[in-house]
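Please read this briefing alongside the sequence and the model. It covers a pocket, a sheet and a few single residues.

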Amino acid sequence: MHRFVAYAFIVCVMDLALIGPSFSGRGTSVEFKDLFIGRCIDFKNGGVNSNIDTEQLRNKNCSKIWDLLFSAFAFKDPCDVTVQSYEPFMKEAAHDYPENKALFWSGYDALDIVMEYSLRGQRRTSLDRTLMGYSVGFSSFCGSTTDPSGINTTSCPDEWQCGHGKGSTDAFWTMASNYFAEYARGDIKIFLYSNRPGGAVHFKNSHLMLSEIPILTSRDISHVEINLITHIGETPGDMCESESVVKLKQILTKKAIPHNCSENPRDVLHMLCVDHVDDPECIGMTSHSSLYGAILTILPGTVFALVLLLTLSATSTKFPSTLFMTCFMCISVFVSLRIFTQFLFI
């Protein structure tokens, strides 16, 4: 009996050695290589971010870029991969992106808003709209020291499981975040979700605060606009004067980088209201916009009529001041009614 138990124990240990350590994240997709190269080619051909100069992408070789990525993590213990492992890959995949276009973010709660707002890179460029970010996508990937393929298709380290900047996936995103911040120029935006658990800004386990903000300099960045986003129908969480946001602003101040903060700015609110047109917050915004449009519509004609009345009053003795005042009052009433009805029937 004792021999049987000992034998079973040895078999289990050998099986674990062959399988390798078990992690809590998804394993590498068997199609990862095909997905990567396909997305890389799509990006290179201008199908992802039309603001990227295709001339600098012309000489990018997607197969070579894949080989450099693969050699960085394959046949290795997942937690042994570091940022330095990806340096050859970064040098080959890196490219410039337009000034005043960088969009930084933190927390997956903000990701959908970031992707919609960036408008496939036309309005802003986020990390997922660069060659290296788009090609990898949000895939989980890691290597194996026992599998002949060099990759682990069973499980990979979950986010931060190996520590900051360590592990095949976290080291990759640390490297990519470093690159994205290093290439940023001019005015940049930072999107934060106000109701993120633990606060809008996280200072631990955050690529924004650990891998991007430290690299930004006043030499390259002229202004930072911090946007706190709250979904329509939600009660706002953190505000611009909340502790975590104030701390972020203090860091930017120490770096001598000008900045401001706003909560659900109008351009973002317009986008959020597309699917919530009947929400009170959206109705009010639309009303103000329509009211402004109404004023712009009637303004030229009103100014012309007033100038004409003034001219007639000044040049003709047959145009008494009482008639001028009567016409002026009529125009004023018309303008007031026009604006009132525009506001009333939205």
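The notes below go through the pocket, then the sheet, then three residues. The model is a predicted one. Its largest pocket has a volume of about 700 Å³. Its open sheet has four strands, paired in parallel.

**The largest pocket**

- The lining of the largest pocket is made up of 31 residues.
- Which residues lie nearest the centre of this pocket? They are Tyr108, Phe138, Glu159, Trp173 and His207.
- Four elements give two or more residues each to this lining: β1 (25-26), β2 (103-106), α8 (168-182) and α9 (207-212).
- Helix α8 gives the most, with six residues.
- Sorted by class, the lining has twelve polar, eleven nonpolar and eight charged residues.

**The open sheet**

- The strand order is β2-β4-β5-β6.
- Strands β2 and β6 (259-263) stand at the edges. Each has a single partner strand, so one side of each is left without a neighbour in the sheet.
- On average, neighbouring strands of this sheet are turned by 20° against each other, with direction ignored.
- Strand β2 thus belongs to two parts of this picture: β2 is an edge strand of the sheet, and β2 also gives residues to the lining of the largest pocket.

**Strand β4 and its partners**

- Strand β4 covers residues 186-193.
- How many bridges join β2 to β4? There are four, and the two strands run parallel.
- Tryptophan 105 has phenylalanine 191 of β4 as its bridge partner.
- Strand β5 covers residues 221-229. Eight bridges pair β4 with β5, again in the parallel sense.
- Opposite lysine 189 stands glutamate 225 in β5.
- From β4 the chain crosses through α9 to β5. This β-α-β crossover is right-handed.
- Helix α9 is also among the elements that give two or more residues to the pocket lining.
- Why does β4 count as largely enclosed by the rest of the structure? Seven of its eight residues are buried, so the strand is largely enclosed.

**Two asparagines with positive phi**

- Asparagine 100 has a positive phi of about 65°, although it is not a glycine.
- Asparagine 100 sits in the loop between α5 (87-93) and β2.
- With a relative accessible area of 33%, asparagine 100 is partly exposed.
- Asparagine 264 likewise has a positive phi, of about 45°, and is not a glycine.
- Asparagine 264 is placed in the loop between β6 and α11 (266-272).
- Is asparagine 264 buried or exposed? Asparagine 264 is buried, with a relative accessible area of 13%; the cut-off for buried is under 20%.

**Glutamate 182**

- Glutamate 182 is found in helix α8, the helix that gives the most residues to the pocket lining.
- Glutamate 182 counts as partly exposed, at 43% relative accessibility.
- What separation is there between the C-alpha atoms of glutamate 182 and threonine 217? They are 8.9 Å from each other, while the two residues are 35 residues apart along the chain.

Technical notes: Residues numbered from 1 in each chain as written. Predicted model: local features only at pLDDT ≥ 70, side-chain atom pairs only at ≥ 80, totals over all residues. Heavy atoms only, no water. 1 Å grid on protein atoms, 1.4 Å probe; cavity = no way out; pocket = protein on both sides within 12 Å on 5 of 7 lines; lining within 4 Å. Points joined across faces, edges and corners; volume = space filled by probe spheres on them. Nonpolar A, V, L, I, M, F, W, Y, C, P; charged D, E, K, R; others polar. Pairing = 2+ DSSP bridges. Axes fitted to C-alpha atoms, helices over the stretch in contact; angles between N-to-C directions. Buried < 20%, exposed > 50% of the residue type's maximum accessible area, 1.4 Å probe, protein only. Right-handed = clockwise from strand over helix to strand, strands pointing away.
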